Every structure is written in C-alpha cells, then in structure tokens.
Amino acid sequence: MTNILVYALHYEGAFNKNSLGAVSEAARLAAEIGGEAHALVLGSKAELTDELCGTLGTYGATTVHRAEGPEGLSQPVVDAMAKVISDGGHGYALFGGGLLGFEIGAGLVARLDAGVTMEVTAVNARDGKLVAERPILQDSSISDVEYRSSVGVIIGRLNAFEIVERGSGAAAVVDVDYELSEWSTKATMVQRGEQRGADVNIEDADILIAGGRGLGKAEGFEALEALAGSLGGAVAATRAVVDAGWYSYSAQIGQTGKTVAPKLYLAAGISGAIQHKVGMQSSENIVAINKDSNAPIFEFSDLGIVGDLNKIVPKLTEAVKAKKGS
Ligand SMILES: Cc1cc2nc3c(=O)[nH]c(=O)nc-3n(C[C@H](O)[C@H](O)[C@H](O)COP(=O)(O)OP(=O)(O)OC[C@H]3O[C@@H](n4cnc5c(N)ncnc54)[C@H](O)[C@@H]3O)c2cc1C
C-alpha cells in the first residue's frame, strides 16, 4: 500500500485553500494507487484541536498526524514529516505550493534523499505510481516526471489542485512523537505580515478583477477596485503592469506570479499571453474585456466583450451596485 502525506497549513483555526486542494488531490490519487491520503499539521495543540484536524477527513484524509511545534516555519515541518514518512513508509509527499511548501519540500528532499518535482500542474496515476506533470520551456510544453527514489516529493503550483469534498467523516488524529533538529529552533516567527501586502488574499478570492496594460495608466486600477469592491472580490494584475509600477507584485497572476482559480476571473485590457494564461486558466468562468477582437484572451474566455474598458467597467460597477441596491 502506497500512502501519500500532505502538509496542511492552518492559520487562526482554518486550513488554507491551497492545502485543502492538496489533500483532495492526494485522496484522489491514493485511491487510484491503492493507498491512503494522510495529512500532517504542525502548531500548538490548543489550536489544532481534534475537531479541527478531523475536518480534513471531509477532503479525503484518513489520518491526520498532529505535531506540536512552532507554526509557520519550514524546518520544524521537515523534521516532523521526515519522521512520519520514515516510520510510516509513505511513498509520496504532496504540497499545494506556495513559498512555505517549496521550502519544506526542498528540505524534505535533502533529508530523505528523495526525488522532487516543483511547479507541478497535474498528477496522474500510472501502473500504481504517480507521474507529475510539469510545464517546461516557458510553459509551452509539459514534461512527465516519474520517480526512481523510494519517496517522491511533488510540489504543486499554487491552487493547481481542486478542492473536492470526497471523504466520509472525520479523519483519525494521531500525535507525532518527533524531535526538532538543533537548527530548527534557530528561527522564530517575529511577525506575520498581511499576505504579501494585500488586503485580500487573492489566492482565496472567489472573484478576481484583473487589469492589464489596456488600462493605460496606474490610475486605471481605481475603476477595477471599484468594480471588485461592488462584487466583493479582489484585484489582480498582469506582469506588464506590475513591471510598469502600476500595481503591486503581490497581485501578479501568471508564470512568475500567482496561480489562481476563482469562480470568476474578469480580465480587463489583458491580451492573454501564455505566461498570464497559465496562472488563471483554471478559473471557473473567464470574462474578458478587450478592444481588439483578435486578442488571444478571447480564445479561452467563456464570455468576451469587445470594447473600451474605460466605458464598460464603470457601467458594470453601476449595474452591480444598482442590482445590490447599494
Ligand atoms: C519568462 C516570462 C515570464 C512572464 N511571466 C508573466 C506572468 O507571470 N504574468 C503575466 O501576466 N505576464 C508574464 N509575462 C509577460 C507576458 O508575456 C505578457 O507580456 C504580459 O502578460 C502582457 O500583459 P498585458 O496583457 O497587460 O499587456 P498587453 O499584452 O500589452 O495587452 C494589453 C491588451 O489591452 C488591450 N487594450 C488596450 N486598450 C484597451 C481598452 N481601452 N479597452 C480594452 N482593451 C484594451 C489591447 O488590445 C491588448 O490586448 C512573462 C513573460 C516572460 C518572457
């Protein structure tokens, strides 16, 4: 039986969306290779209650390994995961991505002499083993990665894995008896900043209003903020406008930014370059406003509006406000 261990990050009594996607994906894959999906959580026992940990069962985890330690740092998680994998013989460790996932995954690889694939966008089961898909050559091609090592580490792109409620009850919670390495206690969490400077966590937002160079100037984002505000969403951006200093890097979507999968992604003045597409193509509904009817973004939009965003966006905001009566 080949089990998969997932690191689930929590904060203030909730698991983050990215981790829930990874747990769901591990459960799907484990079922295909005849194993189980387990999760590892690390923090204070007071916060990580049996009840909270058990909720990961909803996403398909059968066992949650609960380790006590300083939350939000990578090295303690490496210690705990390495112990659980060594004791339990897990065949794979799966991470949803994000900076912490990359750090923990890299540490685990060094500790276990494991193989690793980063920036994975999909994972398949083949002949009882997992094969990771990793975009290469500026995302123009996909490579299949198989593992020869006894443990394979798979680190997804942020939000690459869909959240699916597939479990049938609470997961069993098991406390992990592990030792922190000497270096693992050298770093302490001094302050937890607002995520990369954003008021709204765009990776978790259901509605994203994204702006590109078609906005013409930095002030163009004000109209998008108004629309996002009226819809209860957040604002995202292309690299072109981030490089131009019009909007913060924390909002950049794409190959060198974040990967998102909101319910609605409205792209205003965005051409739809491949490097942008890879960060938002999994959105449930894509709506594009572009004055060029041949813009590539229309090729992967559910709804395309050909026109001037300066006229359309304010009218849309007015219409949303009128509908909501605000
Ligand atoms: C290695 C590498 C990594 C990259 N990583 C990223 C990344 O992570 N994210 C990313 O976004 N890009 C990335 N890029 C850049 C990418 O290739 C594009 O250059 C960028 O996405 C283009 O941004 P844009 O759509 O805002 O601008 P443009 O391509 O200039 O498109 C502007 C669009 O606005 C439309 N428009 C203009 N005026 C109006 C108007 N008034 N109303 C309506 N529409 C209008 C135009 O028709 C046009 O389609 C990367 C590039 C490389 C080489």
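Visitor: Which class, nonpolar, polar or charged, has how many residues in the shell around the ligand?
Guide: Keep in mind that this is a predicted model. Sorting the shell around the ligand by class, you get 8 nonpolar and 5 charged residues. The remaining class is polar, with 16.

Visitor: What residues are closest to the ligand?
Guide: In total, 29 residues surround the ligand. The closest of them are Gly 212, Gly 214, Arg 239, Gly 254 and Ser 271.

Visitor: Which elements give two or more residues to that shell around the ligand?
Guide: Let's go through the elements along the chain. One strand is on the list, β16 (285-290). The helices that give two or more residues are α6 (239-243), α7 (274-280) and α8 (309-324).

Visitor: How many helices and strands does the chain have?
Guide: Beyond the ones we just met, we can tally the secondary structure of the chain. The total comes to 17 strands and 8 helices.

Visitor: What radius of gyration does the chain have, next to that of a compact globule?
Guide: A compact globule of 326 residues would have a value near 20 Å, so that's our yardstick, and the chain agrees with it. As for the box, the C-alpha atoms fill roughly 60 × 40 × 40 Å along the principal axes. The radius of gyration of the chain is 21 Å.

Visitor: Where are the bounds of the domains, and how many Å apart do their C-alpha centres lie?
Guide: The domain assignment gives domain 1 (4-185) and domain 2 (195-324). Their C-alpha centres lie apart by 31 Å.

Visitor: How many residues of domain 1 are in contact with domain 2?
Guide: On the domain 2 side, 10 residues take part in the contact. The domain 1 side divides into 3 nonpolar, 4 polar and 3 charged residues. For domain 1, the number in contact is 10.

Visitor: Is helix α3 mostly covered or mostly uncovered?
Guide: Helix α3 covers residues 74-88 and reaches 21 Å from its first C-alpha to its last, close to the expected 21 Å. Among its buried residues are Pro 76, Val 77, Met 81 and Ile 85. With 11 of its 15 residues buried, α3 is mostly covered.

Visitor: What do the buried residues of α3 pack against?
Guide: Four strands and a helix are the partners to look for. The buried residues of α3 pack against β1 (4-7), β4 (37-43), β5 (61-68), β6 (92-95) and α4 (98-112).

Visitor: Which residue just after α3 takes a positive phi?
Guide: Follow the chain past the end of α3. The phi there is about 70°, and the residue is Gly 89.

How values were computed. Residues numbered from 1 in each chain as written. Predicted model: local features only at pLDDT ≥ 70, side-chain atom pairs only at ≥ 80, totals over all residues. Near = placed C-beta within 6 Å. Nonpolar A, V, L, I, M, F, W, Y, C, P; charged D, E, K, R; others polar. Rg over C-alpha atoms; globule rule 2.2 N^0.38 Å. Expected span 1.5 Å × (residues − 1). Buried ≥ 20, exposed ≤ 12 C-beta atoms within 10 Å, placed from the backbone. Contact = placed C-beta atoms within 7 Å. Domains from an automatic or database assignment.
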